[in-house]
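Let's take a friendly walk through a few parts of this protein. Keep the picture open while you read, and find each piece as it comes up.

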Amino acid sequence: MGKAVRPTQPTASEALGTVDVKCRPEATEAQPLVVDLPSSARVDLEVAMKEGVAVVAYDCKTMRLLSGCKLAGRYEFVGVSRKEEVIKLDDQGEIAANLPFNGVKISGGLERGAALDLALVLIGKHSTMVDVVNRSELAGRCDGATHFVRSASVGAFALDVGTRGEARLVADVFGAHAGAASASRRESVNHDGDLAECRSASPDDAKPPAQCRSALRLELLPIAAAGPGMSLSSLAPLADPCPEGFVLTGGKCAPRASAPLFLCGPDDQQTCQDQCAKGSPGSCYNLGHLLTEVKDLCKESKGDNCLAFGAVQDGDPKYAQYVEGAKAYEKACEGDVAAACYYVGRHHEDGVLGKSKDDVRADQQFERACMQGHALSCLHLTQKYERKDRNDPRAVKYADRACALGLKPGCFSAIGKYLKGEGTPQRPDAAEAILMRTCDAGEGKRCAELGMLKLEGRLGPKDVAKALAWLSRGCELKYASSCVMQAQAHLGQWGVPVDREKAREAFQKGCAGEGEKSRACVELATQLTKP
């Protein structure tokens with residue numbers, strides 16, 4: 001035992017000094033594992049995500065939390081179907097590529113021929129509705145900011161020294177710490193969370209268990225200099241998140257030469273076909289995009305997000321190609337690529353590409369994807385049940401879930417249901433909570449709605465101060481109607497004390513430019529010119 005902890009051969013910490021991990025220059029979004037962050041950094045990240053949207057300085061080798069940089073917004077938890085896996089990091093290159101932040105220190109006692117075993121148990125996600133951030137929205141000490149945390153997958157993890165080629169179960173790796181005979185052995189195991197608590201979690205839980213809420217992997221989106229920036233598409237092809245020279249295989253980044261099965265590039269059809277045939281679910285998903293030409297349709301999309309759906313009728317020259325694409329999606333769905341299940345559901349729902357029209361099978365696929373954390377599938381179920389019966393309680397369930405996963409249309413649907421009592425008892429408190437979250441995420445229209453509902457007393461007792469604060473927030477977000485309502489309030493409507501100077505300020509913010517000829521602005525101008 002002592003030899004394993006105090007090796008005489010070169011250790012990984014010595015060897016890692018020679019590994020040069022190079023970031024992909026084209027990579028902007030990232031999904032780094034963060035299990036190797038020091039415990040103090042993990043605590044700081046958790047605190048930052050409770051106070052607003054976390055902002056970081058990131059490249060593929062380092063990540064620094066900018067705790068003094070503030071960005072409005074909040075995170076919501078949603079449970080997902082539990083996933084367990086053990087990832088074996090076989091050498092210093094794989095450790096550097098997968099655990100770049102602190103892997104050298106963690107693997108300091110690793111002998112040649114040994115490996116690091118990483119056991120992961122994923123039970124949910126913390127997501128924010130913020131999906132596009134301009135640099136002008138940041139406040140505070142933000143020098144070096146490159147990305148913000150869109151979501152964090154949570155659960156528990158354990159890292160232990162293992163042997164190359166040795167297959168271990170999740171419980172074995174977690175048990176290494178508890179069963180270690182020596183203090184030095186226990187110190188060599190890095191872990192956070194309790195396996196038993198994670199296994200008791202349900203996808204319907206409102207919050208994660210107390211000992212199963214550690215951040216495992218972050219979803220980072222880039223901060224734009226200005227303008228619309230980038231936004232997240234839940235149906236986008238899968239890009240390789242690994243550094244140069246590495247490919248994604250078996251949940252880890254490994255050298256391409258040593259990875260017979262890996263995620264293909266989203267534009268490399270031949271490699272996608274080869275890898276899909278070998279059993280790579282992600283490659284099957286990318287192949288489905290290529291064969292059904294969804295990727296090309298996404299390029300033509302004028303919206304921020306690609307919601308394209310490729311299908312042709314029997315007799316079309318490309319029909320056989322599209323059918324092969326549908327089969328690729330099926331393989332990807334069986335391999336737990338949630339977005340692929342959405343496409344399989346659409347094929348059954350519409351009865352296209354060789355599938356008979358079958359709502360039951362379609363809904364099973366949407367449900368499967370939704371419970372794996374695919375927000376668009378949750379929203380699709382919401383809209384489907386709404387069309388049949390607006391009082392179907394399932395529509396509320398899936399709208400809530402889509403909203404918690406950060407999809408704004410899901411929130412808008414849930415707000416209406418809680419206010420009207422459709423499929424659920426009327427719950428103004430729930431509607432207010434969602435409105436606050438969407439307003440914090442930069443939706444000026446929802447700030448205006450929140451302000452009006454507060455003025456009208458439809459969210460509990462009338463609260464003028466809070467109402468004016470929300471209307472002001474909507475106005476600052478350049479939603480002109482919120483400025484107009486703020487100005488009207490300061491002119492005495494809804495029982496607000498008259499303050500013509502504040503009314504004039506709101507008028508100038510909301511009625512400048514194109515808005516100055518609107519009926520509301522003309523009426524405001526008339527009122528403001530009266531003595």
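## Helix H17 and its neighbours

Start with helix H17, which runs over residues 408-420. Its 13 residues reach 19 Å from the first C-alpha to the last, close to the 18 Å expected at 1.5 Å a residue. Keep in mind that this is a predicted model.

Which residues of H17 are buried? They are Lys408, Gly410, Cys411, Ser413, Ala414, Ile415, Gly416, Lys417 and Tyr418. And what covers them? The cover includes helix H15 (375-388), helix H16 (393-404) and helix H18 (428-440). As a bit of background, residues three or four places apart on an α-helix point the same way, because there are 3.6 residues a turn.

## Just past the end of H17

Right after H17 comes Gly421, with a positive phi of about 75°. Then have a look at Glu422, which sits in the loop between H17 and H18.

Is Glu422 buried or exposed? Its relative accessibility is 13%, and buried means under 20%, so Glu422 counts as buried. Leaving aside residues up to four places away in sequence, Glu422 touches Arg390, Asn391, Val396 and Lys417. Lys417 is also one of the buried residues of H17.

## Helix H10, an enclosed one

Now move to helix H10, residues 281-291. Ten of its eleven residues are buried, so H10 is largely enclosed by the rest of the structure. The buried ones are Gly282, Ser283, Cys284, Tyr285, Asn286, Leu287, Gly288, His289, Leu290 and Leu291.

H10 is followed by Glu293, and here too you'll find a positive phi, this one near 60°.

## Ala320, out in the open

Next up is Ala320, which belongs to helix H12 (residues 319-334). Why does Ala320 count as exposed? Its relative accessibility is 54%, and exposed means over 50%, so Ala320 gets that label.

You can also check a distance here: Ala320 and Thr292 are 28 residues apart in sequence, and their C-alpha atoms are 10.0 Å apart in space.

## A hairpin of two strands

Finish with a pair of strands. Strand S10 (residues 246-249) and strand S11 (residues 252-255) pair in the antiparallel sense, over four bridges. One bridge to spot is Leu248, whose partner in S11 is Cys253.

How many residues lie between S10 and S11 in the hairpin they form? There are two, and Gly250 in the turn has a positive phi of about 60°.

Terms used. Residues are numbered from 1 along each chain as its sequence is written. This is a predicted model: local features need pLDDT of at least 70, side-chain atom pairs count only at pLDDT 80 or more; totals for chains, interfaces and linings use all residues. Side-chain values use heavy atoms; hydrogens and water are left out. The expected span of a helix is 1.5 Å times one less than its number of residues. Buried means under 20% relative accessible area, exposed over 50%, partly exposed in between (1.4 Å probe, protein chains only). Contact means heavy atoms within 4.5 Å. Two strands pair if DSSP finds at least two bridges between them.
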